[in-house]
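Visitor: Hey, could you walk me through this one? I'm new to reading structures.
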Amino acid sequence: MSAMQVRSETARVLITVKASPQPSAKYGDTVCVAGIRVDKGRADWIRLYPLPFRWMGVEQQFRKFDLIDLEVRRETKDTRPESFRPDIDTIKIVGHLDDWKDRQPIMSRVPRTSTCVLSAAGSDHHDAPSLGMVAVRSLNRVVIESFAGWSDAQKVRIAAAANLAPLDLFGDAAQTPPELKPPRFVVRYEYRCDADSCPGHTGQVLDWELTALQGRMHRDSDEVVRTSIEERFHARMFAPGRQTSFFMGNFEDARKRGSFSVLGVYYPPEAVASAVSLFDLDIGG
Ligand SMILES: [Zn+2]
């Protein structure tokens, strides 16, 4: 290792965000994966990038709310403060928090912010937080619209990815996935965050759950798929008695740092969310 290289460190991460795969010429396609770093008693956001998730070996394909250990190092090209480059071969899945009650002791320690604050800071300075947990004060509506199709730039990246040799890129565990398919629908939440004078926001849902749901239903009619999306992303995630928050993230593009999307939805029962002081935190690295 040369003196210029940033030393890698071991991190334990509760995975909370797996966003939909995006076309990437260099990495096939990549996924924004983020979570809460819990080693050394902290509860900090961390983004793991690049992770060519669909190209990784099955044994490395962790799920949301898995606890993983891995080697990471600061990524110098991506200036967002939470971004680390993962060493894919070191990923070990060490647990899974299946129940809201198991997740809450960690999630209760994650600082809450608001979309208003994140957007203002992101537009103002480029080392502002690029990930954040935001309580939804009120949901105005859920908009489900047909996807306009990949942009020309994305089509170029998909074509370039078709020529990549995964074994050269990612080692023995790599596999060649099927071509990245565009989703049928995009979903946006119109909502207010917790800031006092919130004017309201529109946040596109980038959660992989949405893409996966549509993939499983590729034989169903538009109407049936819409109904399923509505059931999952509206009725279930905003059910009475749930305390619903968004995991927000922005883009690396410096011109878009003030624009945040919904990377995931956290919706524990209110009873679990408010009973947090009864739990002890005993997960460390
Ligand atoms: Zn707001």
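Guide: Sure, ask away and we'll take it topic by topic; just keep in mind that this is a predicted model.

Visitor: Cool. Which residues are the protein donors of the zinc ion?

Guide: Cys 116, Cys 193 and Cys 198 each use their SG atom, and His 201 uses NE2. They lie 2.0 to 2.3 Å from the zinc ion.

Visitor: And how are the donors spaced along the chain?

Guide: The pattern reads C-x76-C-x4-C-x2-H.

Visitor: Why is the arrangement of the four donor atoms called tetrahedral?

Guide: Because the angles they subtend around the zinc ion run from 99 to 118°, and the cut-off for tetrahedral is that all angles lie between 85 and 135 degrees.

Visitor: Is His 201 buried or exposed?

Guide: His 201 is buried, since its relative accessible area is 16% and buried means under 20%. Cys 198 is buried too, at 8%.

Visitor: New topic: which residues touch the most other members in the largest nonpolar core?

Guide: Trp 45, Met 107, Tyr 189 and Ile 229, out of 48 residues in that core. There's another core apart from it, with 18 residues, including Leu 48 and Trp 208.

Visitor: What about helix H5, which residues are buried there?

Guide: H5 covers residues 208–216, and Trp 208, Leu 210, Leu 213 and Gln 214 are buried in it. Strand E1, strand E12 and helix H6 are among the elements covering them.

Visitor: What caps the N-terminal end of H5?

Guide: That's Asp 207: one of its side-chain oxygens lies 2.9 Å from the backbone nitrogen of Glu 209.

Technical notes:
Residues numbered from 1 in each chain as written. Predicted model: local features only at pLDDT ≥ 70, side-chain atom pairs only at ≥ 80, totals over all residues. Heavy atoms only, no water. Donors = N, O, S within 2.8 Å, 3.2 Å for Na, K, Ca; no water. Tetrahedral: all angles 85-135°; square planar, octahedral: opposite > 155°, others 65-115°. Buried < 20%, exposed > 50% of the residue type's maximum accessible area, 1.4 Å probe, protein only. Core = buried A, V, L, I, M, F, W, Y, C linked by side-chain atoms within 4.5 Å. Helix = DSSP H or I, 4+ residues; strand = E, 2+ residues; numbered from the N terminus. Contact = heavy atoms within 4.5 Å. Polar contact = N/O pair within 3.5 Å; in protein donor to acceptor, adjacent residues only side chain to side chain.
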